[in-house]
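Hi everyone, thanks for coming. I'd like to walk you through one model today, so let me put it on the screen.

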Amino acid sequence: MLNKYVLYAIGLTMSPYQTCLVEIPKLANPSNHSPPILSLKDQCWVGQFQAMASDCQVLLEGINQQRAEELLKLAAIETWRIEHKFSRYKAGNIMHQINHAYEKKVAVDNETTAILNFVDQCYQLSDGLFDVTAGVLRKIWHFDGSDNIPSDQEINNILPLIGWNKVHWKAPYIQLPNDMELDLGGIGKEYAVDKVCLLLQKRMSQIENCHILVNFGGDLACSGPRLNGEAWEVAVESYQDQKKAILKVKLSQGGIATSGDSRRFLLKEGIRYSHILNPKTGQSITNAPHAVSIAAPNCMQAGILSTMAMLQGSDAEDFLSAQEADFWVQR
Amino acid sequence: MQLNTSNPIETMTHNQIKKTPPKFKKIAPALAAASCSLLGITEAIAQENNGDWKFDVANLIYAESDSRVAATEPVFNATKTYVDGEILNVKLVFDSLTGASPNGATPSDTAQTFTRPSGNGEYTVDQDENPLDDTFRDSRGALSGNWTAPINRDWEYTLGAYGSKEFDYLSLGLNGGLKRYLNQKNTALNFGLALSADTIEPVGGKPLGLSRMAIPGSGTFDADFDASRADSSDNKSIIDALFGVTQVINANTIMQFNYGLSLSNGYLNDPYKILSVIDTTTGANYGGNYQNAGNNVYLYESRPDSRMKHTLYWQTKYALDNGDVIDGSYRFMIDDWGINSHTLDFRYRWDLGNSYLEPHLRYYMQSKADFYQRYLTSDEFTSGSIKEASSDERLSDMNAYTVGLKYGYKLSNDKEINVRAEYYMQTHSGDTGFGKLTSQDLYPDINAIIFQVGYSF
C-alpha cells in the first residue's frame, strides 16, 4: 500500500534566478541568432539578444521569471521575424522579391502594404528628403572611415535611380523601375521597437502590470513609467566615445530615437562626411549635428524626425524646434 | 546609446523648446498619425498565439533485489500556459507492481504456512526465510488536474482535483491554494489546503485489529476466517494544510520554507500485515513461534485511527555563474505516532551546454512508531495488554540512502530526453528478540534500483 496521497506543492514553480538562455524554436529564428539571455539587475529583468546589427534589450519589471522569459521569447521572435522579412540582405523575402522583379508588379501582404503606405506619407511630408529608394547611394558611398569620397560624375550617374515618386505603388502592387532598390533600413529598427513594445503590452493580461522598455541599439519605446512610478533613465552616448554617456534622458512614455554619424562616416581634408545622405543631391550632409535624439509618442516617429533633422544640416535645431518635441543635439 | 539605470553620469540640460519663425513646417502631428496608423494596422496582423502545451512522458522502473517488489510506472504530464498566465496541468500515472512483500511475520526455524489475504488458499515460507506474501500484485491509475491563475498582480490561486484507483483502493481529493507575492515578487507566501477521501476494500474483507489469522486447513477455517473480519470496506480522510514562504535571496539564490500539517482519520491499517507471536515460555521453544493447539499464532496488525503529522521543509537553490545549480533541502517530520524523520537531499546540476549531468544524494532517517513491534510476545498475547501493534517495516527505526545520477540532453525546440538511474538502500534496526529468534535476521536490508527514461516536448 503506497501512500497515494499527494499534496501539490504550490510554491515550487519559481526556480532560482540565474542568467539563463531562452530557447527559441529554430523555425522562429531564421537568421540563426544566438538565443536571448535573461538576467536580473536591480529587480529588473534584462533580456538581451542580437538583431539588425544591434544589441537589442528588453527591460521588464513587475513580473516573475517565467513571464519574463515568455515575453523575452516573444520579443526576440517578433524582432527576428521583422528582420528576416524586411532585410535587404535576406534572399527570398518580400524585399528581395520587390528588388528583383525587373519591372514586374509584385503583390505584397497587409503588413508590407501598411509600411509602404507609411513610407509614402513620410516621402510626401518630408518633401522627398525621406526616401526609401536612396539605398543605391551605398554603391558609391562606402562609409569605411576612409577619405574615399565619390566624384560628382559618380553621383550624377546614380541619381536617376533614386526617387520614391518613380515607384509605382498602388496597394497591394508595387512596381520598381529597373536598377532601383527599396531599402527599409531607415525605419526597420524603429518599427521593430514599436511593434515589440506593443506586442508585449498586448500579451499581458488585464491584471498584470508589467513595465516595459524596449531598446534596440539606442532606439527606444516604453509602455509607461517604471514599476516605482519613476521615469526610465536613458543614457545617450557621446558621438566621440560610445562608452561614454553624455546625457541622461528621462523617458516615461512613447519612444526616443537617435540619428548620428558616430559610427559611420568618411573623413576628408578635415571634413566629416556623415552617412546621412541627401536623396535629392546624392551628397553627404557635412554640416549636420553629430547626433540628434528626439522623443516622440512612438519610436518610428522619433526615428523619422531625427533622420530628417540630420538632413537639415545646420538647420537641424530649427527644424526640431518647429516640431515642438523634446530633442537633444550633439554638435 | 545605452541604458543606465544606476550609475550617476554627467547630465546636460536639453534644449528647451524655442519659438522660432515658421521656417519649417510642423510635420510631427501628421507623422504621428501615419505611424500610429501603421502600428495600429499591423497590430491586427500579429497572430494570437494561445499558449503552448508542454508534455512530459516518462517511465520509471523500480526493482528490489531478492525478487521482492518490482514496479513499472509510466507518467504522462501535460501543462498548458495561457496568454494571461493561467496554467493548466494534467497528470496521468499508472503503477504496476509485482513481486512479494513482507507480510510482517518473523522468520522462524521451522517452515511457516499463512492464509492468503483473500482466505482462498495458503502459502508456505521455508525455515529461516523472511516471510513474503507472493500474492502481492497491484496496479494503480491516478489522474490529477490543477489550474493556477493570477487573481491580480499580487495574488494567484490554484485549484485541483485528484483521483486514483486500484483494485482495493480508491482515493479522491481536492486541493486549493493561494499565493501572495510581495516585494516585487521576490517573496511569495503560499497557503494550501488539500482534502482527500479514501475508500479501502481489502481483499477478503477488513481484518479485525489483533484478531488471529485463521489456520489453513483447519476444520473451523471458514468460521475462524469470518470471525477475523469486520466489514468489507472502510474509509480514511486526510486533511493537509501547507504554509510556505519562497524568497529570492539574491541574484543566484532562492529559498523556500514550508510548514505542513496533515491529519489522517479512519482506517489507517495495512490490511495485509500480520505479526508473529513469540513464545516466552522457558524451554525448547523459547523464542520460537507461540503455538496454540499445535498451530502458530499470527495476528492482524492494529494501528491508531488517527494520525497528525507536522512537517518542516527548507530548500535552497543556488545558481553558479557558470550555469550549474546546487539544490539542497532538509525536511523534518514529526507525528503523534512517535515517528520523527529527517531527510537530507542534495543535487548538483552540472551544465554541459546542450546537456546536463545531475548527481543526486539523499539520506533519510526515521525513528519508529510507538506501537511498532517486530513481534508480540506470548505474554502480551495472552494478557491482551496490547491494543495497537504493527510490524510494518516502514514504521520501524530506519535509515535509507539514495545515490543517483541523471543525464538530460536538450534536442533543441524545448525538447529534452533524460535518463535517471538511482540505487536505493534501506536498513532497519530494532529489538533483536530472544532465544531462538536471535538467530534470525529480523531486519533484512532492502536494495533497489530505480531507472527512469523521460522525454519532454
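Let's begin with a pair of helices in chain A. H1(A) packs against helix H5, residues 185-203 of chain A, at an angle of about 145°, and their axes are 9 Å apart. Before I go further, please keep in mind that this is a predicted model. The crossing of H1(A) and H5(A) is right-handed.

Who meets whom there? On the H1(A) side we have Leu71(A), Leu74(A), Ala75(A), Glu78(A), Thr79(A), Ile82(A) and Phe86(A), and they meet a set of H5(A) residues that includes Tyr191(A), Ala192(A), Val196(A), Leu199(A) and Arg203(A). Sorted by class, this contact is made of 10 nonpolar, 2 polar and 3 charged residues.

That brings me to the core. How many residues are in the largest nonpolar core? There are 108, and those with the most contacts inside it are Val214(A), Leu220(A), Ile294(A) and Leu305(A). Helix H1, residues 65-86 of chain A, supplies the largest share of this core, with 10 residues. A second core of 20 residues is separate, and among its members are Phe225(B), Val277(B), Tyr298(B) and Ala389(B).

Let me zoom in on Leu220(A). Leaving out residues up to four places away in sequence, Leu220(A) touches nine you can pick out on screen, among them Val193(A), Val214(A), Val234(A), Leu251(A), Ile256(A) and Cys299(A). Stepping back to the whole of chain A, the secondary structure comes to 7 helices and 16 strands. Of its 331 residues, 51% count as buried. For those of you who like contact maps: among chain A contacts between residues at least 6 apart in sequence, 61% join residues at least 24 apart.

Now for the strands. In chain A, 3 strands form an open antiparallel sheet in the order E5-E7-E6. Its edge strands are E5 (106-107) and E6 of chain A, each of which pairs on one side only. E6(A) and E7(A) are antiparallel, with 3 bridges between them, and Lys170(A) has Tyr173(A) in E7(A) as its bridge partner.

Which peptide bond is cis here? The one joining Ala171(A) and Pro172(A), with omega about 0°. Pro172(A) sits in the loop between strand E6 (168-170) and strand E7 (173-175) of chain A.

Chain B has a hairpin to look at too. Strand E6, residues 112-115 of chain B, runs antiparallel to strand E7, residues 122-125 of chain B, and 4 bridges join them. Phe114(B) has Tyr123(B) in E7(B) as its bridge partner. The hairpin has 6 residues between the strands, and Gly119(B) takes a positive phi near 85° in it.

Finally, some backbone angles. Most residues other than glycine have a negative phi. Asn32(A) is not a glycine, yet its phi is positive, about 60°. You'll find Asn32(A) in the loop between strand E1 (20-21) and strand E2 (37-41) of chain A. Is Asn32(A) buried or exposed? Asn32(A) counts as exposed, because it has 7 C-beta neighbours inside 10 Å.

Chain B offers another example: Ala293(B) has a positive phi near 55°. Its place is the loop between strand E16 (291-292) and strand E17 (295-296) of chain B. Ala293(B) has 7 C-beta neighbours inside 10 Å, so it counts as exposed.

That's my tour, and I'm happy to take questions.

Conventions. Residues are numbered from 1 along each chain as its sequence is written. Chains are lettered from A and ligands numbered from 1 in the order in which they are written. This is a predicted model: local features need pLDDT of at least 70, side-chain atom pairs count only at pLDDT 80 or more; totals for chains, interfaces and linings use all residues. A nonpolar core is a set of buried Ala, Val, Leu, Ile, Met, Phe, Trp, Tyr and Cys residues joined through C-beta atoms within 7 Å. A residue is buried if 20 or more other C-beta atoms lie within 10 Å of its own, exposed if 12 or fewer, and partly exposed in between; C-beta atoms are placed from the backbone. Helices (H or I, at least four residues) and strands (E, at least two) are DSSP runs, numbered from the N terminus. Two residues are in contact if their C-beta atoms, placed from the backbone, lie within 7 Å. Axes are lines fitted to C-alpha atoms, for helices over the stretch in contact, and angles run from 0 to 180 degrees between N-to-C directions. A crossing is left-handed if the near helix is turned anticlockwise from the far one by less than a right angle, and right-handed if clockwise. Ala, Val, Leu, Ile, Met, Phe, Trp, Tyr, Cys and Pro count as nonpolar, Asp, Glu, Lys and Arg as charged, and the others, Gly among them, as polar. Two strands pair if DSSP finds at least two bridges between them.
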